[in-house]
Amino acid sequence: MDEVTSVADIVFAFDPAIHRPIAVPTGAPALVADAIARAAARALHDAAAVAQRSRASALVVCGRLLDPSRSSPAQAADLRRVITDLASAECRTIVLADDPMACHDLVRMLGEPRGLAFVTPSAPLEIDVRGLRVELVSAHGPAGATVSRPDEDDEAPLLRRIVVGWDHSLWSPQEWLADEPYFGTVTRRLTPSASAFAATATASAAWSQPGTFWIWGSRQRQQLPPGVHFLPALQARGSHEASMGACCTLTLLDREAGDDDGLVSPHADWRASWREVPTHRVAWRTVTIESATGDDEELAAALWSAIQQLPRDASSPLELVRCSVACGTSVARRVRVGEIAAETLARLHSLEDATTARVWCHELTADPGESLAALGHDRSGGRPGSTTSFSSALADIVTMVEESQTLSAAEAREAGWLALELIESV
């Protein structure tokens, strides 16, 4: 990870989910498997390192952190070390939780480490950042919630209010799988949305003040409303996420412009200081080649040549590579690619240097995203009563589904190709 040269006052980390490590591909060598299994925990360590190097006053964590019912004693001890090391550097760890009971469970598991504090929907928190008042508020609480200050008057010091919200998208690969009882149960309940958050914040007299900063954490690709700042997860769990993983920093004070008494001035352009710092240890990449006519040896050679051209260095994250073979409209070739996929991957793995743990090919498929439009009736000349006619009809259906946006283009095409491959292999 690149060194951080600038200062920051608060570092934000979304959804570490240490108890949910990335699934290790079958057959991965020990060094690769270890890098994958420890990626989530190491991403949190990297965020803490950013906080220490930038001399931040707080590391703010939202989303899932560590579920006591799923975690191991080693994971709890490691998290405690992160918190106490930050406290030694005069940096607090502040956890935003959906449920107050989650705070009690986490404290019991960690043994009340020094420097740990919480924000819940009903309990915002005020901290002091080198003389600047900063309120941390959960967007999942009452609209316009703030820290109560009955003695506040016109002489009160400058205030920054940071409202943090997040959704539960992509927290489970299938919506029928149960997830944690808190931090976002994956059931058919309504999930908070960025647009609803922005609408609520805009309508609130407290949350719409000039000193308020809005943050939204998510793993999903989306267009956020104006004024809402995107907070990605620390470590992605798949290639479909909005970011491979990063923490974000915010600079509220201009430390270089301090006076003779050591007091620092507010940062003139503090809203523009929002920065992403990569923390991911595992990344996903798709390598696509045109279909080779040979068997697994020729296909493996073509893929290896493409992989060797990928830009990377010794400090880059481990890349899990999906090998995609473009077969045009040849269904027979798609079926053949599926038949020799295991042998081709085995040849690729024999060429990879497992001791460097930089690249691991985990999947090989015929390109599921190729368009079926060329098989449609308007282009294929399909004849009634033939297999070609079935292919053309199916291609027309996929095209209509794409245009209607009932499913995404990727889902519609993958389903269409799977149907054609099934017919071809029977």
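A polar contact here is a pair of N or O atoms within 3.5 Å; within protein, one must be able to donate a hydrogen and the other to accept it, and residues adjacent in sequence count only if both atoms are side-chain atoms. The model is predicted: local features need pLDDT of at least 70, side-chain atom pairs count only at pLDDT 80 or more, and totals for chains, interfaces and linings use all residues. Residues are numbered from 1 along each chain as its sequence is written, and side-chain values use heavy atoms, with hydrogens and water left out.

**Stop 1: S169**

Select S169. Its side chain makes a polar contact with the side chain of S218, at 3.4 Å. Another polar contact joins the side chains of S169 and D167, at 3.0 Å. Now show the surroundings, with contact meaning heavy atoms within 4.5 Å. Not counting residues up to four places away in sequence, S169 touches S218, R219 and Q220. S169 lies in the loop between β7 (159–166) and α5 (194–203). Helices (H or I, at least four residues) and strands (E, at least two) are DSSP runs, numbered from the N terminus. Is S169 buried or exposed? Buried means under 20% relative accessible area, exposed over 50%, partly exposed in between (1.4 Å probe, protein chains only). S169 has 14% relative accessibility, so it counts as buried.

**Stop 2: the whole chain**

Zoom out and colour by secondary structure. The chain has 11 helices and 16 strands. Of its 426 residues, 49% count as buried. Take the contacts with a separation of 6 or more: residues 24 or more positions apart account for 71% of them. The accessible surface comes to about 20300 Å², and 51% of that belongs to carbon and sulfur atoms. These areas come from the Shrake-Rupley method with a 1.4 Å probe; for residues, only the protein chains shown count as cover.

**Stop 3: the β5–β6 hairpin**

Select residues 125–129, strand β5. In a regular strand the side chains alternate between the two faces of the sheet. In β5, L125, I127 and V129 point to one face and are buried. E126 and D128 point to the other face and are not buried. Add residues 132–138, strand β6, which runs antiparallel to β5 and is joined to it by 5 bridges. Two strands pair if DSSP finds at least two bridges between them. L125 stands opposite L136 in β6. The strands form a hairpin with 2 residues between them. In the turn, R130 has a positive phi of about 50°.

**Stop 4: R161**

Go to R161, in strand β7. R161 is buried, with a relative accessible area of 10%. Which residues is R161 in contact with, leaving aside its neighbours within four places in sequence? They are E135, V137, T146, A206, W207, G211, T212 and F213. Keep F213 selected for the next stop.

**Stop 5: aromatic rings**

Show Phe, Tyr and Trp rings (for Trp, the six-membered ring): they pair if their centres lie within 6.5 Å, and planes under 30 degrees apart count as stacked, over 60 as edge-to-face and the rest as tilted. The whole structure holds 4 aromatic pairs. One is F197 with W216, stacked at 5.4 Å centre to centre and 25° between the planes. F197 sits in helix α5 and W216 in strand β8 (residues 212–217), 19 residues apart. F197 is buried at 5% relative accessibility, and W216 is buried at 1%.

Next, pick F213 and W270. Their ring centres are 5.7 Å apart and their planes at 45°, so the pair is tilted. F213 lies in strand β8 and W270 in the loop between β12 (265–266) and β13 (275–278), so the pair ties together parts 57 residues apart in sequence. F213 is buried at 0% relative accessibility; W270 is buried at 7%. Add F12 and W274: ring pairs link F12, F213, W270 and W274 into a cluster.

**Stop 6: C247 and C248**

How many disulfides are there? A disulfide is a pair of cysteine sulfur atoms within 2.5 Å, and the count comes to 0. The closest cysteine sulfur to that of C247 is in C248, 6.8 Å away, too far for a bond. C247 is buried at 0% relative accessibility. C248 is also buried, with a relative accessible area of 0%.

**Stop 7: helix α7**

Finish on residues 331–339, helix α7. Its buried residues are V331, R333, R334, V335 and V337. They pack against β15 (318–326), α8 (341–351), β16 (359–366) and α11 (409–425).
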